[in-house]
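Got your viewer open? Load the model, switch to cartoon view, and keep the selection box handy.

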Amino acid sequence: MSRIRAAVLGSPIEHSLSPVLHRAAYQELGLDDWSYDRFEIDEAALPEFVTGLGPEWAGLSLTMPLKRAIIPLLDGISDTAACVETVNTVVFTEDGQRLGDNTDIPGIVAALHERGVEKVSSAAILGAGATASSALAALARICSGEVTAYVRSAARADEMRQWGERLGVPVRTADWSEAAAALSAPLVIATTPAGTTDALAASVPAGAGTLFDVLYDPWPTALAAAWSKQGGQVVGGLDLLVHQAVLQVERMTGRTPGPLAAMRAAGERALGAR
């Protein structure tokens with residue numbers, strides 16, 4: 001039986017849960033002839049890897065630092081990917097084209113909708129990297145008012161304001177030293193690396209709103225644990241990972257996995273084994 005291949009690329013990549021989630025989806029869909037692997041690929045190695053892929057390949061998932069490096073190697077990208085110049089999904093078509101998409105943005109929206117967050121009057125973003133721009137694009141769909149981004153440098157502040165103008169979202173920036181003020185927003189999206197928000201845990205107010213912390217390992221973060229203790233709702237990185245992976249499976253296979261439970265359970269088992 002010939003295999004149909006897909007994989008996740010990035011550096012570092014050994015921590016990625018994508019193989020666990022995609023394989024769980026394939027099993028649920030009965031796609032016994034599909035395989036999904038991981039490859040340690042940096043920006044320098046990316047062009048040779050992509051051009052060397054054969055007709056058995058159906059798609060790729062991209063993590064850092066490849067989400068923008070992949071774009072020049074593609075035949076086209078979706079409007080969703082173009083709005084933040086970030087691709088996390090590549091689909092290979094039957095006629096040999098490589099098409100890029102971004103499932104992080106709708107994945108953020110879907111994860112929030114699952115928890116009943118469909119519209120907010122304002123929001124705060126902690127951080128200003130690539131994930132922050134995707135978060136801002138997601139907020140363009142659900143936030144009716146101003147988004148405040150808490151950043152560490154003037155350059156990052158300028159970038160976030162520029163993304164806001166591009167996405168049609170009013171963005172105010174504030175220095176990271178004021179980040180505790182973010183915690184009173186009805187929706188806070190934390191996009192920073194592990195440990196960055198730990199110092200904010202002691203400042204979570206009683207009756208906090210919703211925190212979306214994009215990390216999943218280690219979990220819970222100090223901020224997420226404090227948030228739950230204060231009665232706030234927490235959406236985690238595994239929620240995002242599952243929702244964006246469902247969309248990747250749809251794009252690559254043309255099939256939609258059933259309930260998310262099987263993929264989420266597979267991810268939880270994998271994290272529990274670490």
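Here is a tour that goes from the sheet to the salt bridges and then to the surface.

**Before you click**

This is a predicted model, so to speak of local features here takes pLDDT of at least 70 and side-chain atom pairs count only at pLDDT 80 or more, while totals for chains, interfaces and linings use all residues. Residues are numbered from 1 along each chain as its sequence is written, and side-chain values use heavy atoms, with hydrogens and water left out.

**Stop 1: the sheet**

Start by colouring the strands. You'll find 6 of them in an open sheet with mixed pairing, running β2-β1-β3-β5-β6-β4. The edges belong to β2 and β4 (76-77), each with a single partner strand, so one side of each has no neighbour in the sheet. Strands here are DSSP E runs of at least two residues, helices are H or I runs of at least four, and both are numbered from the N terminus. Two strands pair if DSSP finds at least two bridges between them.

Now select 89-92, which is β5, and 98-101, which is β6: these two pair in the antiparallel sense over 4 bridges. Thr89 has Asp101 as its bridge partner, and Phe92 has Arg98. Between the strands of this hairpin sit 5 residues, and Gly96 takes a positive phi near 90 degrees there.

Next, add 57-62. That's β3, which pairs with β5 in the antiparallel sense over 3 bridges; Gly59 of β3 partners Val91.

Show the side chains of β5 while you're here. Which way do they point? Thr89 and Val91 go one way, Val90 and Phe92 the other, and all are buried. Buried means under 20% relative accessible area, exposed means over 50%, and partly exposed is in between (1.4 Å probe, protein chains only). In a regular strand, side chains alternate between the two faces of the sheet.

**Stop 2: salt bridges**

Select Asp239 and Arg115 as sticks. Their side chains meet in a salt bridge at 3.1 Å, N to O (a side-chain nitrogen of Lys or Arg within 4 Å of a carboxyl oxygen of Asp or Glu). Asp239 is in helix α8 (residues 237-253) and Arg115 in the loop between α4 (104-114) and β7 (123-126), so the pair ties together parts 124 residues apart in sequence. Buried or exposed? Asp239 counts as buried at 7% relative accessibility, while Arg115 is partly exposed at 31%.

Keep Asp239 and add Arg264, another salt bridge, at 3.2 Å, N to O. Arg264 lies in helix α9 (residues 261-272), so this pair ties together parts 25 residues apart in sequence. Arg264 counts as buried at 16%. Add Glu114, and you have a network of salt bridges linking Glu114, Arg115, Asp239 and Arg264.

Then jump to helix α6 (residues 154-167), where Glu159 and Arg156 sit 3 residues apart, about one turn of the helix. Their side chains meet in a salt bridge at 3.4 Å, N to O. Glu159 is partly exposed at 33%, and Arg156 is partly exposed at 38%. The salt-bridge count comes to 12.

**Stop 3: a buried Trp**

Select Trp227, in helix α7 (residues 222-229). Trp227 is buried, at 0% relative accessibility. Pro205 is 22 residues away along the chain, and its C-alpha is 8.1 Å from that of Trp227.

**Last stop: the surface**

Finish with Glu43, in the loop between β2 (34-40) and α2 (46-51). Glu43 is partly exposed, with a relative accessible area of 48%. Select Glu14, Glu40 and Asp42 too: together with Glu43 they gather in a patch of negative charge on the surface. Such patches take residues with over 30% relative accessible area and no salt bridge, joining like charges within 9 Å and nonpolar side chains (Val, Leu, Ile, Met, Phe, Trp, Tyr) within 5 Å.

Methods
Accessible areas come from the Shrake-Rupley method with a 1.4 Å probe; for residues, only the protein chains shown count as cover. Lys and Arg count as positive and Asp and Glu as negative; His and the chain ends are not counted. The place of a charge is taken as NZ of Lys, CZ of Arg, CG of Asp or CD of Glu.
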